Amino acid sequence: VFFLSKYTRHGEYITLPNLNKVQLTSVETTLKNLELNYIVIDSVYMEGSAPGLVINQNPYPGAHVKRGRNIYLYITATLPPLVEMPNLLDKSLRQAKNLLDNAGLKTGQVNMVVNPLPGFVLKQTYKGKPIDPGTKIPKGSFINMEVGKGGNTNDTI
């Protein structure tokens with residue numbers, strides 16, 4: 001019985017610290033010093049959060065664990081996921097903004113240009129270049145648009 005207790009370290013435990021909102025590099029040092037291991041289970045992109053922050057852990061903070069135990073971590077992702085660029089052309093500005101929002105993209109600059117079709121998107125650009133519908137780009141990207149403001153594009157009569 002004594003040997004079994006010694007082998008399983010019966011009664012010996014470590015109180016697990018709260019690792020939430022701690023950078024993975026610091027977590028690694030902390031857990032190594034406590035003789036604990038960690039495994040990153042998943043990463044989730046969270047806009048506005050620094051990459052590599054712990055957002056969940058299992059077992060929970062304050063749990064009693066034995067040395068050598070695996071601690072499972074969920075962290076913030078380094079890169080945002082890719083989303084498909086919707087087709088904004090010939091849509092009203094309001095529709096285009098809704099399509100961008102639903103795709104996880106943001107409305108950038110809206111330039112009004114003389115065109116006989118007022119209020120409709122004539123051009124969609126990403127980082128200064130035209131972007132085709134269906135192109136994969138990072139979630140949260142800004143999309144610029146040219147929108148018709150009416151008027152005659154023909155100066156001569």
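This passage describes the fold, cores, surface and selected local features of one predicted protein model.

The protein chain holds 3 helices and 11 strands. Along the sequence, these elements run in the order α-β-α-β-β-β-β-β-α-β-β-β-β-β. The chain has 157 residues, and 27% of them are buried. Long-range contacts were assessed among pairs with a separation of 6 or more. Of these contacts, 72% join residues 24 or more positions apart. The exposed area of the chain is about 10,400 Å². Carbon and sulfur atoms supply 53% of that area.

Nonpolar side chains tend to be buried together in soluble globular proteins. In the model, the largest nonpolar core has 14 residues. The members that touch the most other members are Met85, Leu88, Leu100, Leu105, Ile137, Ile143 and Met145. Helix α3 (93-103) and strands β8 (121-126) and β11 (142-148) each supply at least two residues of this core. A second core is separate and has 12 residues. Ile14, Val27, Leu31 and Leu73 are among its members. Met145, from the largest core, has a wide set of partners beyond four places in sequence. Its contacts there are Leu88, Leu93, Ala96, Leu100, Thr107, Gln109, Val110, Asn111, Val121 and Lys123.

Nonpolar side chains also appear at the surface. Ile39, Ile41, Val44, Met46, Ile55, Tyr72 and Tyr74 make a nonpolar patch of about 510 Å². Strands β2 (37-44) and β5 each supply at least two of the patch residues. The leading contributor is β2, with 3 residues. Ile55 belongs to strand β3, which spans residues 54-58. The relative accessible area of Ile55 is 32%, so this residue counts as partly exposed. Tyr72 lies in strand β5. With a relative accessible area of 30%, Tyr72 is also partly exposed. Beyond four places in sequence, Tyr72 is in contact with Ile39, Ile41, Asn56, Gln57 and Asn58. Two of these partners, Ile39 and Ile41, are patch residues as well. Tyr72 and Asp42 are 30 residues apart in sequence, with a C-alpha to C-alpha separation of 9.2 Å.

Strand β5 covers residues 70-76 and includes Thr76. Thr76 counts as buried because its relative accessibility is 2%, under the 20% cut-off. The Thr76 side chain comes to 2.6 Å from the backbone oxygen of Ala50. Ala50 also appears in the contact list of Thr76. Beyond four places in sequence, that list reads Ser43, Val44, Met46, Ser49, Ala50, Pro51, Gly52, Leu53 and Ile55. Three of these residues, Val44, Met46 and Ile55, are also found in the nonpolar patch.

Side chains of opposite charge can pair when their charged atoms come close. The model has 1 salt bridge. It is formed by the side chains of Glu47 and Lys106, at 2.3 Å from N to O. This pair links distant parts of the chain, 59 residues apart. Glu47 sits in the loop between β2 and β3, whereas Lys106 sits in strand β7 (residues 106-113). Glu47 is exposed, because its relative accessible area is 53%. Lys106 has a relative accessible area of 28% and is therefore partly exposed.

Several backbone features depart from the usual pattern. Most residues other than glycine have a negative phi, and most peptide bonds are trans. The bond joining Asn58 and Pro59 is cis, with omega about 5°. Pro59 falls in the loop between β3 and β4 (64-65). Asn58 is also one of the contacts of Tyr72. Lys21 has a positive phi, near 70°. Its place is the loop between β1 (14-15) and α2 (24-33). Lys21 has a relative accessible area of 71% and so counts as exposed. Lys127 also has a positive phi, about 55°, although it is not a glycine. Lys127 occupies the loop between β8 and β9 (129-130). At 69% relative accessible area, Lys127 is likewise exposed.

Methods: Residues numbered from 1 in each chain as written. Predicted model: local features only at pLDDT ≥ 70, side-chain atom pairs only at ≥ 80, totals over all residues. Heavy atoms only, no water. Helix = DSSP H or I, 4+ residues; strand = E, 2+ residues; numbered from the N terminus. Buried < 20%, exposed > 50% of the residue type's maximum accessible area, 1.4 Å probe, protein only. Polar contact = N/O pair within 3.5 Å; in protein donor to acceptor, adjacent residues only side chain to side chain. Contact = heavy atoms within 4.5 Å. Patch = residues over 30% accessible without salt bridge, like charges linked within 9 Å, V, L, I, M, F, W, Y side chains within 5 Å. Areas by Shrake-Rupley, 256 points an atom, 1.4 Å probe, with all protein chains shown as cover. Salt bridge = Lys/Arg side-chain N within 4 Å of Asp/Glu carboxyl O. Core = buried A, V, L, I, M, F, W, Y, C linked by side-chain atoms within 4.5 Å.
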